[in-house]
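This report looks at charged side-chain pairs and at one further residue. The structure is shown first.

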Amino acid sequence: MVQYYDWLPQIEKIDGVLSIPGKVAIFKFSDLKDHFAARSVLESPRKFNFQLLVRHFAGSAKIKVDMVEYDLSEPINLIRVMSGQILMVEHISDDFDGVVVIMSNSFVESMLVYMNNALPFNVATRSNCVKHLSNSEVDLSDMFLKAIAQVLRNQTNPHLDRVLQHVMMAIFYSSEEIRNQLETESGAYTSADAISKEFMRLVKDNFRSERQLQFYADKLCITPRYLSRVVKECTGSSAADWIERYVVLEARALLKSTSMTIQQISDELNFPSQTFFGKYFKRRVGMSPKLYRRQG
């Protein structure tokens, strides 16, 4: 079983962080900036076992979530990374800041149980992870984040979990509204765009076990040659390149974010042997998995 990088046990012990131990934490990024820098947390792709929400209000950054690049050249954004997604920070300015909320999977699941699965969390998208907020959305997000902080300040409240659940559920419903807006604004796709988009979805779901182009072409009922040409035209990279990128990104994240052995990672990614995996990784990254892990 894959084990992911977990911030909660470390962060909730730091002064200035408001939290319910093991469940939820909220803090200002600039207050913990030195902590992240000292541990080089932001320099490599990381795979988390929690839900991450960032209300970005200052500075700039470039990030990737599951291979999708987001340019945060201007503030006033809502960044959302779900459990199991891979986050990589390619650049972050010295004045970058935002309010960060971390939620454990168990806390999110408890909300689903509490609401008898009525919460539309299961349809929250893993794409469109960054939303530039309108004025009304800024007001709404700020109101909820302040409410979360206010709830967590009252540690003597015997109903703290339940009160916070209601506040967080309001945020999730708001996120669902934002998701629908993004889909409405996305516009019409050409047939090539549709093929490319479906290919990327298939790769995300199957790259751990399927690395042959023929598999994806068969799923889409087209030839491998046509698939590669369409994907190249729409994305600038070939279909084979995208498959390799997903495999390598996952391998890098597992090496940095988990205690899995290299053999276990090789098995997780369905390589025929650890030796084969090592050669595959080195050819694309320029160093062995062992050396890559040692470098922090």
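Helices (H or I, at least four residues) and strands (E, at least two) are DSSP runs, numbered from the N terminus. The model is predicted: local features need pLDDT of at least 70 and side-chain atom pairs pLDDT 80 or more, while totals for chains, interfaces and linings use all residues. Residues are numbered from 1 along each chain as its sequence is written, and side-chain values use heavy atoms, with hydrogens and water left out.

**Ser196**

Ser196 is found in helix α6. Its relative accessibility is 5%, so Ser196 counts as buried (under 20% relative accessible area; exposed is over 50% and partly exposed is in between, with a 1.4 Å probe and protein chains only). With neighbours within four places in sequence set aside, Ser196 is in contact (heavy atoms within 4.5 Å) with Val231, Cys234 and Thr235.

**Salt bridges**

The whole structure holds ten salt bridges, a salt bridge being a side-chain nitrogen of Lys or Arg within 4 Å of a carboxyl oxygen of Asp or Glu. Three of these pairs are listed here.

| Pair | Closest N and O atoms |
|---|---|
| Lys47 and Glu250 | 2.4 Å |
| Glu250 and Arg208 | 3.2 Å |
| Glu90 and Lys64 | 3.5 Å |

Lys47 forms a salt bridge with Glu250. Because Lys47 lies in strand β3 (residues 46–47) and Glu250 in helix α9 (residues 239–257), this pair ties together parts that are 203 residues apart in sequence. Lys47 is buried, at 1% relative accessibility, and Glu250 is buried as well, with a relative accessible area of 2%.

Glu250 also forms a salt bridge with Arg208. This pair links distant parts of the chain, with Glu250 in helix α9 and Arg208 in the loop between α6 (191–206) and α7 (213–220), 42 residues apart. Arg208 is partly exposed, with a relative accessible area of 25%. Lys47, Arg208 and Glu250 are thus linked in a network of salt bridges.

Glu90 forms a salt bridge with Lys64. Glu90 lies in strand β8 (residues 86–92) and Lys64 in strand β5 (residues 61–65), so the pair ties together parts that are 26 residues apart in sequence. Glu90 is partly exposed, with a relative accessible area of 37%, and Lys64 counts as partly exposed at 23% relative accessibility.
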